Amino acid sequence: MSAPPASAGGFLMPEGQGQIIAGGGYIEASRSFNQFGKSVPTPTYRKAAISGFAEYGLTPSLTIIAAPTAARMQAGSSGNAYSGSDESAFGARLKLWGTATRTLAFQALVEPPLGRSNPATEVSLGGPHAFAADLRLQWGESLSVFGTPGFLSLEPGARLRGGGWPDEARFDIGFGLRPTPRSLILLQGFASSAASAGPLIPRTAYAKLQLSYVYDLSPKWSVQVGALRTLAGTDAARETGPFVGLWYRF
């Protein structure tokens with residue numbers, strides 16, 4: 001799970017209202033994209049994760065966010081494994097501008113230095129969990145496609161990393177449609193690129209696609225099922241796997 005299941009980026013929660021999304025999933029990769037972007041066989045990488053994503057409207061222009069995540073990861077041999085926090089983040093989203101159908105916001109999430117710090121596993125499992133910050137602009141727009149309501153979100157940003165690892169440029173995109181009042185189809189894309197930081201840390205990049213379906217059981221509860229796939233990259237695992245989610249609005 002490269003990102004929590006979410007609604008339109010940039011839209012804020014109404015004051016005094018919030019939502020919690022609890023999810024779980026599994027991804028596996030037995031091939032990776034090499035430095036030339038070619039898919040090649042590699043030792044199998046596995047990751048099982050549970051995650052939470054909570055947001056609450058503190059004011060009409062400020063939404064606070066908590067996104068804890070725990071995972072079990074293994075790359076190749078059983079000794080090259082990790083269990084614990086995985087990019088857990090906390091922060092807020094601030095409205096910069098908006099109309100009834102369009103919103104521009106700034107989101108800042110801080111990742112505390114939790115989790116793995118074993119140099120023997122850092123490279124194969126994606127780096128140490130030193131301090132990091134995810135900063136991004138978020139554009140959200142409500143729209144209609146042949147009479148079907150939906151939304152589009154664009155999120156350019158950067159993840160600033162400590163521990164000697166390179167910063168990442170990130171760009172996420174989301175598109176959602178409601179074919180029925182209780183159904184939501186979500187198509188999300190996640191892209192990242194980071195420069196090299198020495199012979200053991202090559203330049204990395206990836207583009208991932210996530211498709212999911214959300215069904216409203218009631219005004220407060222929804223269920224979600226979907227899958228993620230890495231479409232392209234350089235020095236990145238070709239991940240594939242399913243996930244499920246449970247949404248609660250309050």
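Contact here means heavy atoms within 4.5 Å. Keep in mind that this is a predicted model.

**Exercise 1. Start from one residue**

Task: Where does Ala-54 sit, and which residues does Ala-54 touch, not counting residues up to four places away in sequence?

Solution:
- Step 1. Place the residue: Ala-54 belongs to strand β2.
- Step 2. Check its cover. Its relative accessible area is 25%, so Ala-54 is partly exposed, given that buried means under 20% and exposed over 50%.
- Step 3. List the neighbours. Leaving out anything up to four places away in sequence, Ala-54 touches Gln-19, Ile-20, Ile-64, Ile-65 and Ala-66.
- Step 4. Look at Gln-19 again. Along the chain, Gln-19 and Ala-54 are 35 residues apart, yet 5.7 Å separates their C-alpha atoms.

**Exercise 2. Zoom out to the chain**

Task: How many helices and strands does the protein chain have, and what share of its residues counts as buried?

Solution:
- Step 1. Count the elements: the chain comes to 1 helix and 15 strands.
- Step 2. Turn to burial: 40% of the 250 residues count as buried.
- Step 3. Now the contacts. Among those with a separation of 6 or more, 55% come from residues 24 or more positions apart.
- Step 4. Finish with the surface. About 11,900 Å² is exposed, and carbon and sulfur atoms supply 66% of that.

**Exercise 3. Follow strand β8**

Task: Which strands pair with β8, and in what sense do they run?

Solution:
- Step 1. Take β7 (residues 102–111): this strand pairs with β8 over 10 bridges, in the antiparallel sense. For a spot to look at, find Val-110 opposite Ala-133 of β8.
- Step 2. Take β9 (residues 148–161): 12 bridges join this strand to β8, again antiparallel. Here Leu-143 has Gly-150 of β9 as its bridge partner.
- Step 3. Inspect the turn. β8 and β9 make a hairpin with 2 residues between them, and Phe-146 in that turn has a positive phi of about 50°.

**Exercise 4. Sort out the aromatic pairs**

Task: Why is the pair of Trp-97 and Trp-139 stacked, and what is the geometry of the pair of Trp-221 and Tyr-248?

Solution:
- Step 1. Get the total: there are 4 aromatic pairs.
- Step 2. Take the tryptophans. The ring centres of Trp-97 and Trp-139 are 6.0 Å apart and the planes meet at 10°, so this pair is stacked; the cut-off for stacking is planes under 30 degrees apart.
- Step 3. Map them. Trp-97 is in strand β6 (residues 89–98) and Trp-139 in strand β8 (residues 132–145), so the pair ties together parts 42 residues apart in sequence.
- Step 4. Check exposure. Trp-97 is partly exposed at 41% relative accessibility, and Trp-139 is partly exposed at 26%.
- Step 5. Now Trp-221 and Tyr-248: with 4.6 Å between centres and 45° between planes, this pair is tilted.
- Step 6. Map this pair too. Trp-221 lies in strand β13 (residues 221–234) and Tyr-248 in strand β15 (residues 240–249), 27 residues apart. Both count as partly exposed, Trp-221 at 38% and Tyr-248 at 27%.
- Step 7. Widen the view: Trp-221 and Tyr-248 join Tyr-56 and Phe-250 in one aromatic cluster.

**Exercise 5. Trace the charges**

Task: How many salt bridges does the structure hold, and are Lys-47 and Asp-86 buried or exposed?

Solution:
- Step 1. The count is 16 salt bridges.
- Step 2. Begin with Lys-47 and Asp-86, whose side chains meet at 2.7 Å, N to O. Lys-47 is in strand β2 (residues 39–59), while Asp-86 is in the loop between β5 (81–85) and β6, 39 residues apart. Both residues are buried.
- Step 3. Move to Arg-93 and Glu-55, which form a salt bridge at 3.0 Å, N to O. Arg-93 lies in β6 and Glu-55 in β2, so parts 38 residues apart in sequence are tied together. Arg-93 is buried at 5% relative accessibility, and Glu-55 is buried at 4%.
- Step 4. Go on to Arg-136 and Asp-134, a salt bridge at 2.9 Å, N to O. Both are buried. They also belong to one network of salt bridges that share partners, with members including Glu-87, Glu-111, Arg-159 and Asp-172.
- Step 5. End with a charge over a ring: Lys-208 lies over the face of Tyr-206, 4.5 Å from the ring centre.

Definitions and conventions. Residues are numbered from 1 along each chain as its sequence is written. This is a predicted model: local features need pLDDT of at least 70, side-chain atom pairs count only at pLDDT 80 or more; totals for chains, interfaces and linings use all residues. Side-chain values use heavy atoms; hydrogens and water are left out. Rings of Phe, Tyr and Trp (its six-membered ring) pair if their centres lie within 6.5 Å; planes under 30 degrees apart count as stacked, over 60 as edge-to-face and the rest as tilted. Buried means under 20% relative accessible area, exposed over 50%, partly exposed in between (1.4 Å probe, protein chains only). A charge sits over a ring if NZ of Lys or CZ of Arg is within 6 Å of the ring centre and within 35 degrees of the ring normal. Accessible areas come from the Shrake-Rupley method with a 1.4 Å probe; for residues, only the protein chains shown count as cover. Two strands pair if DSSP finds at least two bridges between them. A salt bridge is a side-chain nitrogen of Lys or Arg within 4 Å of a carboxyl oxygen of Asp or Glu.
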